[in-house]
Amino acid sequence: MRKRDERLIVLGVAGVAVLGAAALAVTALRQNAIYFYAPSELAEAPLDGRPVRIGGRVRGGSVAYDDAGGVTFVVTDCAADAPVAYHGALPDLFREGQEVVVQGVREAGVFRASEVLAKHDENYAPPEAAAALKKTGCWDDGAMKTAAG
């Protein structure tokens, strides 16, 4: 076998190995990706039991606590509402009218949250939630800024 043929074989094997590693990485990323939706996009989203994030504003008058330590509330983007059920400790800054991002799974029309994230000060909202609120016209430009500026 000539040197040229040996090099071609080595390059071919290395190319197949790199393509295989890239395919495995893309598959792992796709399986672990958590998508973001606004409440108005949630009805059309192909969720199939995967965890996703929704973001928007906690609707005033919608927060209700139960005796078992759970809480229900509604996340809105002013175009649609998403009822949320959560069991656990809420962030200190969680309140009605506050922008939030909620991670969980939609089951039987209710979003079962595993994590609730609230904005951290008066001049910040999560960029995903801000974009969703701007899209529906529910954003107050004078009061809020996103992390990007």
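Buried means under 20% relative accessible area, exposed means over 50%, and partly exposed lies in between (1.4 Å probe, protein chains only). The model is predicted: local features need pLDDT of at least 70, side-chain atom pairs count only at pLDDT 80 or more, and totals for chains, interfaces and linings use all residues. Residues are numbered from 1 along each chain as its sequence is written, and side-chain values use heavy atoms, with hydrogens and water left out.

**Figure 1. Overview of the protein chain, with three helices and seven strands.** Helices (H or I, at least four residues) and strands (E, at least two) are DSSP runs, numbered from the N terminus. Along the sequence the pattern reads α-β-α-β-β-β-β-β-β-α. Of the 149 residues, 32% count as buried. The chain exposes about 9,100 Å², of which carbon and sulfur atoms supply 57%; accessible areas come from the Shrake-Rupley method with a 1.4 Å probe, and for residues only the protein chains shown count as cover.

**Figure 2. Surroundings of Q98, in the loop between β5 and β6.** Q98 has a relative accessible area of 3% and is therefore buried. Leaving out neighbours within four places in sequence, Q98 is in contact (heavy atoms within 4.5 Å) with G56, R57, V58, L93 and K119.

**Figure 3. The largest nonpolar core, a set of 18 residues.** A nonpolar core is a set of buried Ala, Val, Leu, Ile, Met, Phe, Trp, Tyr and Cys residues joined through side-chain atoms within 4.5 Å. I54, F73, V84, V102 and V116 touch the most other members. At least two residues of this core come from each of β2 (52-58), β4, β5, β6 (99-107) and β7 (110-118). Apart from neighbours within four places in sequence, the contacts of I54 include F36, Y37, L42, V75 and F111.

**Figure 4. Salt bridges, three in number.** A salt bridge is a side-chain nitrogen of Lys or Arg within 4 Å of a carboxyl oxygen of Asp or Glu. R57 pairs with E99, the closest N and O atoms being 2.6 Å apart. R57 lies in strand β2 and E99 in strand β6, so this pair ties together parts that are 42 residues apart in sequence. Both R57 and E99 are buried. D81 pairs with R59, with the closest N and O atoms 2.8 Å apart. Because D81 lies in strand β5 and R59 in the loop between β2 and β3, the pair ties together parts that are 22 residues apart in sequence. D81 is partly exposed at 42% relative accessibility, and R59 is partly exposed at 36%. In the pair of E107 and R112, the closest N and O atoms are 3.6 Å apart.

**Figure 5. Side-chain contacts of S62, in the loop between β2 and β3 (64-65).** S62 counts as buried because its relative accessibility is 15%. A polar atom of the S62 side chain lies 2.7 Å from the backbone oxygen of R59. The backbone nitrogen of V74 lies 3.1 Å from a polar atom of the S62 side chain. Not counting residues up to four places away in sequence, S62 touches T72, F73, V74 and E96.

**Figure 6. Backbone at C78, in the loop between β4 (70-76) and β5 (81-87).** C78 is not a glycine, yet has a positive phi of about 75 degrees. At 46% relative accessibility, C78 is partly exposed.

Conventions
A polar contact is a pair of N or O atoms within 3.5 Å; within protein, one must be able to donate a hydrogen and the other to accept it, and residues adjacent in sequence count only if both atoms are side-chain atoms.
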